[in-house]
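Please open the model in a viewer and keep the selection tool at hand. The tour below proceeds stop by stop, naming what to select and what is found there.

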Amino acid sequence: MLVGQNVRRVAIVGGARLPFARSMGAYAQCSNQDMLTAALKALVGKYGLTGQRLGDVGAGAVLKHPRDFNLVRESVLGSGLSPGTPGFDLQRACGTSLETAIIIGMKIALGQIDSGIAGGVDTASDAPIGVGEGLRKILLASSRGRSLGERLKPWLGVRPRHLKPSVPSVSEPRTGLSMGQSCELMAKRWNVTREAQDRLACESHRRAAAAYDEGFYRDLVVEFQGLREDNNLRRDTSVERLAKLRPAFPMEGSGTLTAGNSTPMTDGASAVLLASEEWARARGLPVLAYLSYGKVAAVDFVNEEGLLMAPAYGVPQMLQDAGLGLQDFDFYEIHEAFAAQVLCTLRAWESAEFCRDKLGLVQPLGSIDPAKLNVKGSSLALGHPFAATGGRILATLAKLIDQRGGGRGLVSICTAGGMGVTAIVEK
């Protein structure tokens, strides 16, 4: 049965993640499977799930080896959960773990399953490096040979150019631009200054450091490979220091995005336990908050819109579903792929022209209170292992709402390919 008798609320029991690490550093020798398994193990241990069979586990990675064709199931088998727990792989770029949470949540809400885990993992330190297209064709031609001669003949055509490896690219196939270059165009279009970007980045580091100092992350982040906290965090940074950095993605001779106001290449994994209220309470597990709405959006970034602007469209669509306004939230978790991207999104919601012409609204969505935005730091300070970021945000937001004694939070994540994943968490 696809749909049960009743639609149930989806409880967020809690999450666990590895400290996020700059690539080519602390986790340089770790694979996606190593890290995802570690995150799942941490969650299993945290909530006493050893040997238990859950309804499903959904996770994924953006940078993924062919050997990891069954990454999540293999990680589940090493997690301590019952081998009877299934797992599936999914990839929606930087929105992967939030998307898996929405899918697991829908299964719970519709009565297919009672419990599940959503997560994500990524490592640029163990990126899949393949053979070039020319050598690949030679290998295939050789494998089709029926005789020794037929198998050897294609190799006579090998030239030095065929030995060039094929490495993952962060450029958009449709435009040839990197995400940073695309965001530079957005910053120019929305008149987002370098100073505003640096201020947002500095505040992200300040808030993340304060969160660690107060112990907020103590039960969310588990030690891995000797690392106890996210090592991209810069406690001593300042707007003045950030201002000294050179542009990282100069377009037409100038640029405002730097290594300081952009997320670094990062390794890490996250996992979040979701369940029906009945399942959680029968086991004495907490219900921190509820995952109540989710929305996916996409834009024509080739011809009309900025690459990372899809959440600017997805959020108002979701607000309409929920019957809420942009100001009806106690917390806003807007993924900081780049400081400029966050600021462009906020300016779009404040723009009467954008809201009228692009969203079909009579009035602009308006502003949000900066004091409610990314209150425990976000990706600029903590790092951004692509597929793991949604899980980090969801666990953080659920804990914030529970600590407050209730409330409502908005999640907004931009992704490659001109897409965005958004959600509402409340209690």
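**A charge over two rings**

Select Arg17 and Tyr217: the charged end of Arg17 sits over the ring of Tyr217, at 5.5 Å from its centre. The model is a predicted one. Add Phe20 to the selection, and Arg17 is seen to lie over the face of Phe20 as well, 4.4 Å from the centre of that ring.

**Aromatic pairs**

The structure contains seven aromatic pairs. Select Trp190 and Phe354 to view one of them. How are these two rings arranged, stacked or edge-to-face? Their centres are 5.8 Å apart and their planes meet at 70°, so the pair is edge-to-face; planes over 60 degrees apart are classed in this way.

Now display the chain around these two residues. Trp190 belongs to the loop between helix 6 (179–189) and helix 7 (194–213), whereas Phe354 belongs to helix 12 (residues 352–357). The pair thus joins distant parts of the chain, 164 residues apart. Trp190 is buried, with a relative accessible area of 15%, and Phe354 is buried too, at 5%.

Next, select Phe216 and Tyr217, which form another edge-to-face pair, with 5.2 Å from centre to centre and 80° between the planes. Phe216 and Tyr217 are both buried. Return to Trp190 and add Tyr313 to the view: Trp190, Tyr313 and Phe354 make up one aromatic cluster.

**Cysteines**

How many disulfides does the structure hold? The number is zero. Select Cys94 and Cys414: the sulfur of Cys414 is the nearest cysteine sulfur to that of Cys94, at 6.4 Å, and Cys94 is in no disulfide. Cys94 has a relative accessibility of 5% and therefore counts as buried, the limit being under 20%.

Then select Cys202 and Cys183. Why does the sulfur of Cys202 form no bond with that of Cys183? The closest cysteine sulfur to Cys202 is the one in Cys183, and it is 19 Å away, which is too far for a bond; a disulfide requires sulfur atoms within 2.5 Å. Cys202 counts as buried, with 15% relative accessibility.

**Two pockets**

Select Ser169, Val170, Met179, Met265 and Phe386, which lie nearest the centre of the largest pocket among its 34 lining residues. The space in this largest pocket is about 760 Å³. Its lining consists of 19 nonpolar, 13 polar and two charged residues.

For the second largest pocket, select Leu200, Leu343, Leu346, Pro370 and Leu373, the residues nearest its centre out of the 17 that line it. Helix 7 and helix 11 (339–350) are the elements that each give two or more residues to this lining. Which element gives the most to the lining of the second largest pocket? Helix 7 does, with six residues. The volume of the second largest pocket is about 290 Å³, and its lining divides into eight nonpolar, four polar and five charged residues.

**Two positive phi angles**

Most residues other than glycine have a negative phi. Select Ala93, in the loop between strand 4 (87–89) and helix 3 (96–109). Ala93 has a positive phi, near 50°, although it is not a glycine. Ala93 is buried, with a relative accessible area of 10%.

Finally, select Gln225, in the loop between helix 7 and helix 8 (239–243). Gln225 also is not a glycine, and its phi is positive, at about 55°.

Definitions and conventions: Residues numbered from 1 in each chain as written. Predicted model: local features only at pLDDT ≥ 70, side-chain atom pairs only at ≥ 80, totals over all residues. Heavy atoms only, no water. Phe/Tyr/Trp six-rings, centres within 6.5 Å; stacked < 30°, edge-to-face > 60°. Helix = DSSP H or I, 4+ residues; strand = E, 2+ residues; numbered from the N terminus. Buried < 20%, exposed > 50% of the residue type's maximum accessible area, 1.4 Å probe, protein only. Lys NZ or Arg CZ within 6 Å of the ring centre and 35° of its normal. 1 Å grid on protein atoms, 1.4 Å probe; cavity = no way out; pocket = protein on both sides within 12 Å on 5 of 7 lines; lining within 4 Å. Points joined across faces, edges and corners; volume = space filled by probe spheres on them. Nonpolar A, V, L, I, M, F, W, Y, C, P; charged D, E, K, R; others polar.
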